[in-house]
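Biologist: I've just opened this one and don't know my way around yet. Can you walk me through it?

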Amino acid sequence: MRSSTDTFCGQFDAFERAASYVVADLTATLRSVGFPAWIWFLIAVVAAVAGLALLAGDRAQRTARNRERRRWAALRGWRFAESDNALLTQWQHGGLAFSKSGSATDVVTGSMFTADGRRLVQVMDHEQGSKVTMVLAAVKLRRSVPTVLELWEPSVPFAREREAELDLYGPVGNRYGFTADMAVAHPLITPEFVEAVDEIGDDVMVVWLEGTWVLAAAPPNADPARLERLLSDLGEVADFVDPFDSDPNTHHEDPEVYRPSTTHHHSEH
């Protein structure tokens, strides 16, 4: 795992290279119109200062986000990891269908109670090029769903592009459904299921079922309070898709908890 210092240095090097190209272009332009050399130098200094300010602001925002996520995990008694390079490889659909090259950062792992019992939950930032593109929330099922079902907000521009890989199911409440198997997906989409999905909110661009998970892609600025509500809503969806055995004499083990590598785990100080 790269340290935050290494990441910052890499960002600065990238900025320095980009700034050098801009300054070179400006210099050529200014020379052509006869501006003195001190103006070229001044422009270079201003560009460097502005770039450093932007990088510092971005780093401060990242640090504040990291701290907020750590505190939330600590309050809930959940685990926190700064990053996990392998975590996203278990999913391929939904919000990850167009963003497979990203990494999982500020990962929170724990369990929560739903109406049917305790379920494993995970929350993580999806990061590409040092920018958070979305926040992924996931709730574990006990059984694997035998098909993929994606439920997209109609306002998302590339939602219709899913027809190239999945079949268009049609409207599912306020969203459009896409699935790999119509016959398997149809029994899952009950009125109760649709109502639970509609409760999630239109700020979440996609909700999807994949393997043994119910997942959602929230906006990058989603705070812990929003994520708490989202996990609760996903837990309700999970209960409809994967109800626990109604036999009260049946004993259910707690769900297996994903444990990030100890090299990635950091405790709150």
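**Salt bridges and buried charges**

Modeller: Let's start with a pair of charged residues: Asp239 is buried, and so is Arg119. Buried means under 20% relative accessible area, exposed means over 50%, and partly exposed is in between (1.4 Å probe, protein chains only).

Biologist: Before we go on, what kind of model is this, and how are residues numbered?

Modeller: This is a predicted model, where local features need pLDDT of at least 70, side-chain atom pairs count only at pLDDT 80 or more, and totals for chains, interfaces and linings use all residues. Residues are numbered from 1 along each chain as its sequence is written, and side-chain values use heavy atoms, with hydrogens and water left out.

Biologist: Okay, back to that pair. What joins the side chains of Asp239 and Arg119?

Modeller: Asp239 and Arg119 meet in a salt bridge, 3.1 Å from N to O. Asp239 lies in helix H5 and Arg119 in strand S3, so the pair ties together parts that are 120 residues apart in sequence. A salt bridge here is a side-chain nitrogen of Lys or Arg within 4 Å of a carboxyl oxygen of Asp or Glu. Helices (H or I, at least four residues) and strands (E, at least two) are DSSP runs, numbered from the N terminus.

Biologist: How many salt bridges does the structure hold?

Modeller: There are 10 salt bridges. Another one of them joins the side chains of Asp242 and Arg143, at 2.4 Å from N to O. Asp242 lies in the segment after H5 and Arg143 in the loop between strand S4 (131-140) and S5, so this pair ties together parts 99 residues apart in sequence.

Biologist: And is Asp242 buried or exposed?

Modeller: Asp242 counts as buried, at 2% relative accessibility. Its partner Arg143 is partly exposed, with a relative accessible area of 43%. Salt bridges that share partners join Arg119, Arg143, Asp239 and Asp242 into one network.

Biologist: Which residue forms a salt bridge with Arg70?

Modeller: Glu82 does, with the closest N and O atoms 3.0 Å apart. That pair links distant parts of the chain, 12 residues apart: Arg70 in helix H2 (residues 37-76) and Glu82 in strand S1 (residues 79-84). Arg70 is buried at 12% relative accessible area, while Glu82 counts as partly exposed at 25%.

Biologist: Switching topic. Which residues touch the most other members in the largest nonpolar core?

Modeller: Phe193, Leu230, Leu231 and Leu234 do, in a core of 37 residues. Helix H5 (residues 224-241) gives the largest share of this core, 7 residues. Apart from it lies another core, of 22 residues, among them Ala81, Leu96, Val156 and Trp213. A nonpolar core is a set of buried Ala, Val, Leu, Ile, Met, Phe, Trp, Tyr and Cys residues joined through side-chain atoms within 4.5 Å.

Biologist: What is Phe193 in contact with, leaving aside neighbours within four places in sequence?

Modeller: Phe193 is in contact (heavy atoms within 4.5 Å) with Leu149, Leu151, Leu188, Val237, Phe240 and Val241.

Biologist: Now the strands. Why is S7 said to be largely enclosed by the rest of the structure?

Modeller: Because 4 of the 5 residues of strand S7 (residues 175-179) are buried. Strand S5 (residues 149-152) pairs with S7 in the antiparallel sense over 4 bridges, and Glu150 stands opposite Phe178 in S7. Strand S6 (residues 167-172) also runs antiparallel to S7, joined by 5 bridges, with Asp167 opposite Thr179. Two strands pair if DSSP finds at least two bridges between them.

Biologist: What about the backbone in the hairpin of S6 and S7?

Modeller: The hairpin has 2 residues between the strands, and Gly173 takes a positive phi near 65° there. Asp106 has a positive phi too, near 50°, in a residue other than glycine. Asp106 is found in strand S2 (residues 103-114) and counts as buried, at 0% relative accessibility.

Biologist: Last one: where does pLDDT stay under 50?

Modeller: Residues 1-10 are one such stretch, and over residues 53-60 the pLDDT is below 50 as well. pLDDT is the predictor's confidence in each residue, from 0 to 100. The protein's mean is 78, with 67% of its residues reaching 70 or more. Where pLDDT is low, the predicted coordinates should not be read in detail.
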